[in-house]
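Dear colleague,

I am passing on the structure below, together with some notes on what was found in it. Please read the notes with the structure open beside them.

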Amino acid sequence: MRFLCLAYGREADWVALPQERRDELLAGDEVLRRRGAMVAVVGEPTVVRAWDGPVERSPGPYAPSDAPLVGFSIVEAADIDEAVELVAATPCAVARGAIEVRPLVAG
């Protein structure tokens, strides 16, 4: 199954993280870059945050925010649980932003 992942965040929150933590997050983010292809968005989104500990997931969409859309990816995952696990360790999910995860279907 494919998922569209929309990343929201602010540069100031990213640079506030220690360099070592940013390096760790960018290395983990590489997993997302190795998966995916674009098709069409369907279904309800799931929003993922991992700010200060446990991963939070909630029904989306993630619209009310002062954090801009800073990127997106399309990832291959077995289900929404795996997609959430993949994005939970990415820079935006950790650096006080959020990732909106939406299922995709082939058209």
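In this predicted model, helix α3 spans residues 80-87, and within it A83, V84, L86 and V87 are buried. These four residues lie on the same side of α3, because together they cover an arc of only 160° around the axis. The general background is that an α-helix has 3.6 residues a turn, so residues three or four places apart point the same way. At the N-terminal end of α3, D79 acts as a cap, with a side-chain oxygen placed 3.1 Å from the backbone nitrogen of D81.

Helix α3 also matters for the next point, the nonpolar core. The largest such core has 15 residues, and those with the most contacts inside it are F3, C5, V48, V87, I99 and V101. At least two residues of this core are supplied by each of β1 (2-8), α3, α4 (91-94) and β6 (98-105), and the largest share, four residues, comes from α3. In soluble globular proteins, nonpolar side chains tend to be buried together.

A separate residue to look at is D13, which sits in helix α1 (residues 11-15). Is D13 buried or exposed? With a relative accessible area of 17%, D13 counts as buried, because the cut-off for that term is under 20%. The side chain of D13 is joined to that of R10 by a polar contact of 2.7 Å, and, when residues up to four places away in sequence are not counted, D13 touches A95 and R96.

With best wishes

How values were computed. Residues numbered from 1 in each chain as written. Predicted model: local features only at pLDDT ≥ 70, side-chain atom pairs only at ≥ 80, totals over all residues. Heavy atoms only, no water. Buried < 20%, exposed > 50% of the residue type's maximum accessible area, 1.4 Å probe, protein only. Arc of directions from axis to C-beta. Polar contact = N/O pair within 3.5 Å; in protein donor to acceptor, adjacent residues only side chain to side chain. Core = buried A, V, L, I, M, F, W, Y, C linked by side-chain atoms within 4.5 Å. Contact = heavy atoms within 4.5 Å.
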